[in-house]
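Student: Please take me through this model and show how each label follows from its definition.

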Amino acid sequence: MMEFHKKLQELRKQKGLTQEELAKHLYVSRAAISKWEQGRGYPGIDSLKAIASFFSLTVDELFCSNEVMRIAEAEQKKKDRGIRDLMLGLLDLSVAMLLFLPFFATRGAGVVQSSSLLALVGVQHYLKVLYVMAVVTMIAWGILMLALQRCQCTFWVKGKAPVSLGLNAVAVLLFMLSLQPYAAVFGFATLSIKVSILTKR
């Protein structure tokens with residue numbers, strides 16, 4: 001049986017339509033029709049129903065059996081990426097706890113006391129600024145990951161997870177080098193969970 005992209009092209013030509021004309025009938029862009037006819041992707045379910053209805057076919061008649069499996073696998077991968085991005089974004093947001101919970105050590109007069117980042121005193125000013133910058137940057141990245149889950153820009157799709165890992169690793173290194181063990185352990189725990197999520201197949 002003919003593959004979807006070839007079948008769509010043949011059906012369009014049988015009706016004597018240009019890509020632009022078919023796009024208008026289906027309420028999609030000409031670029032979408034072009035992409036589908038070149039085999040560079042598949043329509044969403046609503047567009048598939050519109051195509052089947054327009055050409056008086058069933059959705060099943062538009063595909064060969066191999067394509068149905070490929071579409072199902074692609075949909076599953078998309079769902080898995082969505083869940084992964086959600087979890088990474090929430091993990092980045094979780095570092096907000098460092099602002100309010102006593103993960104930092106305040107040293108003074110031979111006594112070490114626990115403190116939240118916002119209440120932290122007794123450390124050099126530049127260190128506190130670096131801590132706040134690391135935490136706020138991770139929070140901001142987490143918000144971006146949650147807000148841009150539907151974004152399909154290549155640089156974003158490929159770069160969001162590595163950046164999340166990188167920011168987390170830098171924070172852990174900063175906390176370790178400045179002798180903040182509890183904050184470092186918290187950061188290392190979130191980093192380990194992220195690595196586990198990203199390496200899980």
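Tutor: The questions below cover confidence, helix packing and the pocket. The model is predicted: local features need pLDDT of at least 70, side-chain atom pairs count only at pLDDT 80 or more, and totals for chains, interfaces and linings use all residues. Residues are numbered from 1 along each chain as its sequence is written, and side-chain values use heavy atoms, without hydrogens and water.

Student: Which elements have the lowest and the highest mean pLDDT?

Tutor: On pLDDT, the predictor's confidence in each residue from 0 to 100, strand E1 (residues 104-108) has the lowest mean, 79, and helix H7 (residues 125-147) the highest, 96. The chain averages 90.

Student: Why is H8 called roughly antiparallel to H9?

Tutor: H8 and helix H9 (residues 181-199) pack at about 155°, with their axes 8 Å apart. Angles over 145 degrees count as roughly antiparallel, so H8 is roughly antiparallel to H9.

Student: What makes the pocket a pocket rather than a cavity?

Tutor: On a 1 Å grid over the protein atoms alone, a cavity is a set of points where a 1.4 Å probe fits but cannot get out, whereas a pocket is an open set with protein on both sides within 12 Å along at least five of seven lines. The largest pocket has a volume of about 1100 Å³. Of its 29 lining residues, the closest to its centre are Ala74, Glu75, Lys78, Arg81 and Gln152; lining residues have an atom within 4 Å of a point.

Student: Which element gives the largest share of the lining?

Tutor: H5 does, with nine residues.

Key:
Points joined across faces, edges and corners; volume = space filled by probe spheres on them. Helix = DSSP H or I, 4+ residues; strand = E, 2+ residues; numbered from the N terminus. Axes fitted to C-alpha atoms, helices over the stretch in contact; angles between N-to-C directions. Parallel < 35°, antiparallel > 145°, perpendicular 65-115°, else oblique.
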